[in-house]
Amino acid sequence: MSTAGHFTEHPQMPLPGSDARWYAVQTRSRHERVVAAQLRERDVSTFLPMITQIRRWSDRRKLVEFPLFSGYVFVHAAVSPQIRRIVLFSRGVAGFVAMQGEPLPIPDEQIDNVRKILTKNIACASHPFLKVGQRVRIRGGSLEGLEGILVAHNGDRKLVISVHAVERAFSIRLEGYAVEVL
């Protein structure tokens with residue numbers, strides 16, 4: 001079971017119009033918070049989407065925070081040799097998500113979709129990444145225009161929102177929302 005999520009990010013975002021783009025940084029297992037904190041200390045803008053889940057033990061239940069995309073922290077920067085050094089030499093970093101040795105930029109729209117869901121405190125959960133499926137857009141309501149892949153599981157309709165560079169996704173229930181095929 002999951003509850004609404006939130007995110008942490010560096011308060012000083014690069015100015016619009018700069019060459020800054022979003023990039024995914026892969027971390028060692030369970031090092032997402034450490035990496036994000038180190039990068040923020042070095043004035044690198046970060047985004048670490050978090051969700052809260054109820055964990056059950058034999059004697060109690062507790063709300064526990066987890067990264068929405070385990071093993072990844074997002075950075076917003078113009079990738080220069082200096083930024084690469086700062087990121088790659090931070091404790092717990094495995095490297096940039098890259099293609100042919102170059103960090104792979106993530107479209108702003110995908111990061112904005114994650115933020116929109118978390119900002120509105122909509123319950124979400126990690127979901128297996130889907131490469132095939134029907135793309136849909138929500139029509140009306142507070143999530144107007146949000147796009148993703150429509151899936152059905154045990155009679156529930158869900159919208160899966162993907163971040164392609166890290167091959168991760170999360171889903172929200174579509175109960176009460178109308179969707180249109182793209």
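This is a dialogue about reading features of a predicted model.

Trainee: Let's start with the overview. How many helices and strands does the protein chain have?

Mentor: There are three helices and 15 strands in the protein chain. Of its 182 residues, 42% are buried. Since this is a predicted model, take everything below as computed from predicted coordinates.

Trainee: And what share of the contacts join residues at least 24 apart?

Mentor: That share is 68%, counted among contacts between residues at least 6 apart in sequence.

Trainee: On to helices. Why do residues three or four places apart point the same way in an α-helix?

Mentor: An α-helix has 3.6 residues a turn, so a step of three or four places brings you back to the same direction. Now try helix α2, residues 81–88. Its buried residues are Ile83, Ile86 and Val87. Looking down the axis of α2, you find these buried residues within an arc of 95°, so they line one face of the helix.

Trainee: Which elements do the buried residues of α2 pack against?

Mentor: They pack against β2 (21–27), α1 (32–41), β5 (72–77) and β6 (93–96).

Trainee: Which residues are buried in α1?

Mentor: In α1 the buried set is Glu32, Val35, Ala36, Gln38 and Leu39. Their arc around the axis is only 165°, which puts them on the same side of α1. The cover over the buried residues of α1 includes β2, β3, β4, β5, α2 and β6. Just for the backbone fans, α1 is followed by aspartate 43, with a positive phi near 60°.

Trainee: Next, the nonpolar cores. How many residues does the largest one have?

Mentor: The largest nonpolar core has 28 residues, and Phe74, Ile117 and Ile172 have the most contacts inside it. At least two residues each come from β2, β3, β5, α3 (108–119), β11 (134–139), β13 (156–163) and β14. The element that gives the most is α3, with four residues. There is also a second, separate core of 16 residues, which includes Ala77, Ile83, Ile86 and Val87. You've met three of those names already, as the buried residues of α2: Ile83, Ile86 and Val87.

Trainee: What is phenylalanine 74 in contact with, leaving aside its neighbours within four places in sequence?

Mentor: Quite a list: among them are Trp22, Tyr23, Ala24, Phe47, Pro49, Phe69, Ile106, Ile111, Val163 and Val166. Ser45 and Thr46 are in contact with phenylalanine 74 too.

Trainee: What about empty space? How do I look for that?

Mentor: You roll a probe the size of a water molecule over the atoms, and it shows where empty space is left. Here, the largest pocket holds about 340 Å³ of space. It is lined by 17 residues, and the closest to its centre are Arg30, Glu32, Phe66, Pro67 and Ser70. The elements giving two or more residues to that lining are α1, β3 (45–56), β4 (61–67), β10 (125–127) and β14 (168–173).

Trainee: Which element gives the largest share of the lining?

Mentor: That would be β4, with three residues. By class, the pocket lining has six nonpolar, six polar and five charged residues.

Trainee: Now single residues. Is serine 171 buried or exposed?

Mentor: The cut-off for buried is under 20% relative accessible area. Serine 171 has 7%, so it is buried. This serine 171 sits in strand β14, and beyond residues up to four places away it touches Ala123, Cys124, Ala125, His127, Lys158, Leu159 and Val160.

Trainee: Where is valine 79?

Mentor: In the loop between β5 and α2. With 27% relative accessibility, valine 79 counts as partly exposed. Valine 79 and aspartate 19 are 60 residues apart along the chain, and their C-alpha atoms are separated by 8.4 Å. Outside its neighbours within four places, valine 79 is in contact with Tyr23, Arg84 and Pro103.

Trainee: Last one: what is the phi of asparagine 121?

Mentor: Positive, about 55°, although asparagine 121 is not a glycine. You'll find asparagine 121 in the loop between α3 and β10, and at 53% relative accessibility it counts as exposed. Glutamate 167 is also not a glycine, and its phi is positive, about 45°. The loop between β13 and β14 holds glutamate 167, which counts as partly exposed at 48% relative accessibility.

Note on methods. Residues are numbered from 1 along each chain as its sequence is written. This is a predicted model: local features need pLDDT of at least 70, side-chain atom pairs count only at pLDDT 80 or more; totals for chains, interfaces and linings use all residues. Side-chain values use heavy atoms; hydrogens and water are left out. Buried means under 20% relative accessible area, exposed over 50%, partly exposed in between (1.4 Å probe, protein chains only). The arc is that of the directions from the helix axis to the C-beta atoms. Contact means heavy atoms within 4.5 Å. On a 1 Å grid over the protein atoms alone, a cavity is a set of points where a 1.4 Å probe fits but cannot get out, and a pocket is an open set with protein on both sides within 12 Å along at least five of seven lines; lining residues have an atom within 4 Å of a point. Grid points are joined across faces, edges and corners, and a volume is the space filled by probe spheres set on the points. Ala, Val, Leu, Ile, Met, Phe, Trp, Tyr, Cys and Pro count as nonpolar, Asp, Glu, Lys and Arg as charged, and the others, Gly among them, as polar. A nonpolar core is a set of buried Ala, Val, Leu, Ile, Met, Phe, Trp, Tyr and Cys residues joined through side-chain atoms within 4.5 Å.
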